[in-house]
Amino acid sequence: MKTHSILPASNISPSFLVLLLLPLSLSCGSVQLDNIRSDYITIIQTELQRTTEEITSLLQNSDCSVFSHKLRNCTPGNATSVRTLHNLTCKMRSLPFLQMTLQLITSVEISMSCHCREKSIKMPTESLKRRRGATRRRRNEGTKNRKQTKKLCKAKAILSAMTECYQMLNSL
């Protein structure tokens, strides 16, 4: 009688699979709350304020309340606050303002000893390039401005949530 294994025929060991399935909080190195708190006070707080000021100045009195951004809020648990901070940092990385936010993102990742996963970049096919070009030509200036404002508002909401998380961590 032949037995079937759950593992594929390759030489993947069960311990390797366990490592793949570890939760984010365990796979990102040991998070030292004291280090995170001191990094916030010495470095990250200033960078958060600088980045928030830059985003706010780009918004030029735009009303962000018309856009709803569903972000995770921090809860009073150390591990969940750190995990939420990490998720917010990774969301910030995906926004198109990387030049403005890169220093903040890098500082948070180093402070947590946990880096965001890089998404693979797919090269667009020729047909997608043509469709995308036609879409760009049709899009009027108002739509472009609205999309830019929406992304800036999302960045502002993320920065606000990150500030709240750090303040919560420092009050524990």
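**View A. The link of C74 and C165 is right-handed, with 100° about the S-S bond.** C74 lies in the loop between α3 and α4 and C165 in helix α7, so this disulfide ties together parts that are 91 residues apart in sequence; helices here are DSSP runs of H or I with at least four residues, strands are runs of E with at least two, and both are numbered from the N terminus. The sulfur atoms of C74 and C165 are 1.5 Å apart, a disulfide being counted wherever two cysteine sulfur atoms lie within 2.5 Å. C74 and C165 are both buried, a word that stands for under 20% relative accessible area, with exposed for over 50% and partly exposed for values in between (1.4 Å probe, protein chains only). The structure is a predicted model, in which local features need pLDDT of at least 70 and side-chain atom pairs count only at pLDDT 80 or more, whereas totals for chains, interfaces and linings use all residues. Residues are numbered from 1 along each chain as its sequence is written, and side-chain values use heavy atoms, with hydrogens and water left out.

**View B. C64 and C153 are joined by a disulfide whose sulfur atoms lie 2.1 Å apart.** With -80° about the S-S bond, the link of C64 and C153 is left-handed. Distant parts of the chain meet here, since C64 is in the loop between α3 and α4 while C153 is in helix α7, 89 residues apart. Both C64 and C153 are buried. A search of the whole structure finds three disulfides, and the remaining view of this kind follows.

**View C. A disulfide joins C90 to C116, with 2.1 Å between the sulfur atoms.** The link of C90 and C116 is left-handed, at -100° about the S-S bond. C90 belongs to helix α4 and C116 to the loop between α5 and α6 (126-138), so that the pair links parts of the chain 26 residues apart. In this pair C90 is partly exposed, with a relative accessible area of 23%, while C116 counts as buried at 8% relative accessibility.

**View D. Y40 and Y166 form a stacked aromatic pair, 4.7 Å centre to centre and with 10° between the planes.** Y40 lies in helix α3 and Y166 in helix α7, so the pair ties together parts that are 126 residues apart in sequence. The structure holds one aromatic pair, where rings of Phe, Tyr and Trp (its six-membered ring) pair if their centres lie within 6.5 Å, and planes under 30 degrees apart count as stacked, over 60 as edge-to-face and the rest as tilted. Both Y40 and Y166 are buried. Leaving aside its neighbours within four places in sequence, Y166 is in contact with I36, Y40, I44, L48, L85 and V108, contact meaning heavy atoms within 4.5 Å.

**View E. The largest nonpolar core has 34 residues, and L48 and Y166 have the most contacts inside it.** The elements that give two or more residues to this core are α3 (33-59), α4 (78-93), α5 (98-112) and α7 (141-171), and the largest share, eleven residues, comes from α7. Such a core is a set of buried Ala, Val, Leu, Ile, Met, Phe, Trp, Tyr and Cys residues joined through side-chain atoms within 4.5 Å. As background to this view, the protein has seven helices and zero strands, and 28% of its 172 residues count as buried.

**View F. R93 forms a salt bridge with E109, the closest N and O atoms being 3.0 Å apart.** R93 lies in helix α4 and E109 in helix α5, so the pair ties together parts that are 16 residues apart in sequence. At 5% relative accessibility, E109 counts as buried. A salt bridge is counted when a side-chain nitrogen of Lys or Arg is within 4 Å of a carboxyl oxygen of Asp or Glu, and the structure holds three of them.

**View G. Helix α3 contains the salt-bridge partners D34 and R37, three residues apart, about one turn of the helix.** The side chains of D34 and R37 meet at 3.6 Å, N to O; D34 counts as exposed at 59% relative accessibility, whereas R37 is buried, with a relative accessible area of 19%. R50 and E54 also both lie in helix α3, four residues apart and again about one turn of the helix, and their side chains meet in a salt bridge at 2.8 Å, N to O. R50 counts as partly exposed at 26% relative accessibility, and E54 is partly exposed, with a relative accessible area of 28%.
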